[in-house]
Amino acid sequence: MELWYTQPAADWNAALPAGNGRLGCMQFGGVARERFQLNEDSLWSGGPMHRLNPDASATLPKVQELLRQGRLPDAERLALDGLASTPCGMRAYQPLGDLTLDFDGLPAEADDYCRGLDLDAGTLYVRFTVGGAHYAREAFASYPDGVFVLRLATDAPQGLSLRCRLDRKRREETGHLDNATTYFTGDSDGIGFTAAVRLAEHDGGTAQAVGDTLLLRGAKSATFLLAAATTYRAVEPLQAVTACLDAAAKQGYIVLKRRYAEDICNNFDTCRLTFATDPALESLPTDERLRRAAAQPDPGLDALYFQYGRWLLFAASRPGSLPANLQGVWNDSFFPSWDSKYTININTEMNYWPANICGLAQSEEPLFDLLARMVPNGQRTARELYHCRGFVAHHNTDLWGDTDPQDRYIPASFWPMGAAWLCTHIWRHYLYSGDTKFLRAQFPTLEQAVLFFTDFLEQDADGYYVTNPSVSPENTYILPDGVRGHLCIGPTMDRQILRELFAGYLAAAAKLSVTNETTCAAAAILPRLRPTQIGSDGRLLEWGGEYGEAEPGHRHISHLYGLAPGNEISTLATPELAAAARKTLEYRLAHGGGYTGWSRAWITLFLARLGEGSKVEENLRALYANSTFPNLMDNHPSKRGPVFQIDGNYGTTAAMAECLAQVSYDGVNPQAVSLLPALPPRWQSGAVQGLCLPGGACLDLVWENGTLQTAALHAAAPWKMRLHCAGAEAEIELSARQSVTLNAALQPIH
């Protein structure tokens, strides 16, 4: 399964990615000049900061009282002055630099040109001919060995001659360490960094380092290795980089590639979606298929997009790395949109929606590592801003786990639910893994998030517990007198997140036999969170009152959290709420909703949960037409034009998976799995292997003409679940390492 093209990348949004969690690169594939734009996950714009406004704790009760009195404009003006952090912004994710190779004697264009990303092998490639001679490049970012590997080869009589150079376009120290290794080293406001490239092997020819350039003359083949490090992890980055290159060079290209292939086989090549496709479409380059996809059904492109989304998560988030940020691990700007950091009022969470179901649970480990770094900062923020115990975070964080309010932006800045939403991933991850050791290790984080709200929540006039102040992320409401507002008390999304957080925490406490003050407080508060409400027009209410909307087609659809990614709304268990959610969604779409890639992905997941396969297909077409770059990366409108933002890729992959298998819950525990609940019309025949289910089972499905043919289940641990499919129902119980294959009636095939 490949993305492939017949010309070099014209710009960054057509280049192709590789990554191993810590290193990321984008290959452009030029003939005479090859460029790899590079990233290192811990290279950000500076060190940790203490940004809390010194007047925040005194200002907070005044803002809360103004909101209780309905004095909205006064509350918002005071919040901007007294609650906004100083400085208001966090650190930004930065590019590492460029690796460029300039080839002697090669033209700007070549015959038989092809570049691509082979998802099965996990490798980037470029192939072309010049004067009848063949040229080939292969590149990959190795997780086992921590290096970026580039292999060049030709059968041209004169061999390869080139200049290889690292460049960051800043005032870094550059030079060569020996006759085969060049480097640069520098400092980004307190984060020291080093990158180095080594010519590790070459067949024939001569090589030398001159200044900060590697020169190669007349070689039949060559292998370059690149490594990078920062003071975030290494006391001496140059020493760490040199040791990494030494170890990788001793392995040699053949061993490096074998070890990389084993990593791909064991950790990525576990899940696949396939369709019988049109050979004429399969023969087209990926950018041409994308151009046709809005009008011509192409299920093969859907399967490619699904696997590519898995690849982007696998390449951006590995154990020991930082989590996937707003651009995964790929960013070419020193001033990226939204700082390319962690936006935790949906975007970071969406990055990990496909992790468990799509067989990439290990990719979620960096998210839990980030949460651990956030806890001490969030405890300080809770204590100094809110006079509360526990820990809290707002709508952004960075590599240091910053938890203070971000920006001077009323629609988003003063939302206290960021840590709460992130912590819902703990219980969900446990449900898939069944790993009690993991749950015990994460329980203190989960408890600290709950503890904050046991102190922070206040009771409204009806006795329900509510947040004050908060927002419904980034949206604006209109009061009956025409006043527009953002700050509010107890929006719907907050209540839905809190129900999931508290219920998961109490279930975890029961599993671990924990009973204490916090469990008792959480158990008392949980039933006193106001239920999700339906307005007079049949739509779900977004705020505590029935207000107008300044942007009826707003990109955030926060009050549908309970439908997805939450699980309190479903067509079976809560049909009235599901109908109201459907009406809410239809209203947003009718007014221009889904105009960002991540919002379109969220809408697609909503529709999958509602069983709307035809509308899933409509939204996939819209995603391809309006929100996808030539390299299949998600695009997002911004003031500078469309920019890359990776959550749309991840969210759409998760939505595709849920078209094939959906888990229903009794609040916190999985109860049943529905098979093929939302097949798009163009997916009428196909197969999927390796979808993961809660409790440690994997699922393979084959279907024809919209009808299940076989469902195979493979249990890693004792497993019991009820299955549903097209009116058939069965309870399946398996012992550890047992498998069973079922027919369309969900009966075992013997």
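**Group meeting: a predicted model of a 750-residue chain**

Let me start with overall size. The protein chain has 750 residues, and a compact globule of that length would have a radius of gyration near 27 Å; the chain has 26 Å, which agrees. Please keep in mind that this is a predicted model.

If you draw a box along the principal axes, the C-alpha atoms fill roughly 85 × 65 × 50 Å. The secondary structure comes to 18 helices and 34 strands. Of the 750 residues, 61% are buried. The accessible surface is about 26,100 Å², and carbon and sulfur atoms account for 50% of that.

How far apart in sequence are the residues that touch? Taking contacts between residues at least 6 apart in sequence, 68% join residues at least 24 apart.

On to charges. The protein chain carries 63 positive and 83 negative charges, and the mean positions of the two sets are 2 Å apart. The whole structure has 51 salt bridges. I will go through three of them.

The first one I picked is between the side chains of D402 and R51, with an N to O distance of 2.8 Å. Where do D402 and R51 sit? D402 is in the loop between β19, residues 396–397, and α10, residues 410–413, while R51 is in the loop between β4, residues 33–40, and α1, residues 56–68, so this pair ties together parts that are 351 residues apart in sequence. Both D402 and R51 are buried.

The next pair is D98 and K169, whose side chains form a salt bridge at 3.3 Å, N to O. D98 belongs to strand β5, residues 97–103, and K169 to the loop between β10, residues 160–167, and β11, residues 173–178, so here the parts tied together are 71 residues apart in sequence. Are the two partners buried or exposed? D98 has a relative accessible area of 8%, so it is buried. K169 stands at 56% relative accessibility and therefore counts as exposed.

The last pair is E262 with R258, and their side chains meet in a salt bridge at 3.2 Å, again N to O. This one is within a single element: E262 and R258 both lie in helix α4, residues 253–267, four residues apart, which is about one turn of the helix. E262 has 40% relative accessibility, so it counts as partly exposed. R258 has 44%, so R258 counts as partly exposed too. There is also a network to mention: R35, D98, R165, D167, K169 and D212 are joined into one by salt bridges that share partners. That brings back D98 and K169 from the pair I described before.

Now a single residue, S627. S627 is in the loop that runs between α17, residues 613–626, and β25, residues 635–636. Its relative accessible area is 2%, so S627 is buried. Which residues does S627 touch? Leaving aside residues up to four places away in sequence, S627 touches T596, G597, A622, M633, D634 and N635.

I will finish with backbone geometry. As background, most residues other than glycine have a negative phi, and most peptide bonds are trans. Here are some places to look at on the model.

Two cis peptide bonds are on my list. One joins N468 and P469, with omega about 0°. P469 is in the loop between β21, residues 465–466, and β22, residues 477–478. The other runs from A564 to P565, and its omega is near 10°. P565 is in the loop between β24, residues 548–549, and α15, residues 575–590.

Then there is positive phi. S340 is not a glycine, yet its phi is positive, about 50°. S340 is placed in the loop between α7, residues 299–316, and β18, residues 342–343. With a relative accessible area of 0%, S340 is buried. R737 is not a glycine either, and its phi is positive at about 65°. R737 lies in the loop between β33, residues 728–734, and β34, residues 739–742. Is R737 buried or exposed? At 72% relative accessibility, R737 counts as exposed. So of these two positive-phi residues, S340 is buried and R737 is exposed.

That is what I have on this chain.

Methods:
Residues are numbered from 1 along each chain as its sequence is written. This is a predicted model: local features need pLDDT of at least 70, side-chain atom pairs count only at pLDDT 80 or more; totals for chains, interfaces and linings use all residues. Side-chain values use heavy atoms; hydrogens and water are left out. Helices (H or I, at least four residues) and strands (E, at least two) are DSSP runs, numbered from the N terminus. The radius of gyration is taken over C-alpha atoms; the globule rule is 2.2 Å times the number of residues to the power 0.38. Buried means under 20% relative accessible area, exposed over 50%, partly exposed in between (1.4 Å probe, protein chains only). Contact means heavy atoms within 4.5 Å. Accessible areas come from the Shrake-Rupley method with a 1.4 Å probe; for residues, only the protein chains shown count as cover. Lys and Arg count as positive and Asp and Glu as negative; His and the chain ends are not counted. The place of a charge is taken as NZ of Lys, CZ of Arg, CG of Asp or CD of Glu. A salt bridge is a side-chain nitrogen of Lys or Arg within 4 Å of a carboxyl oxygen of Asp or Glu.
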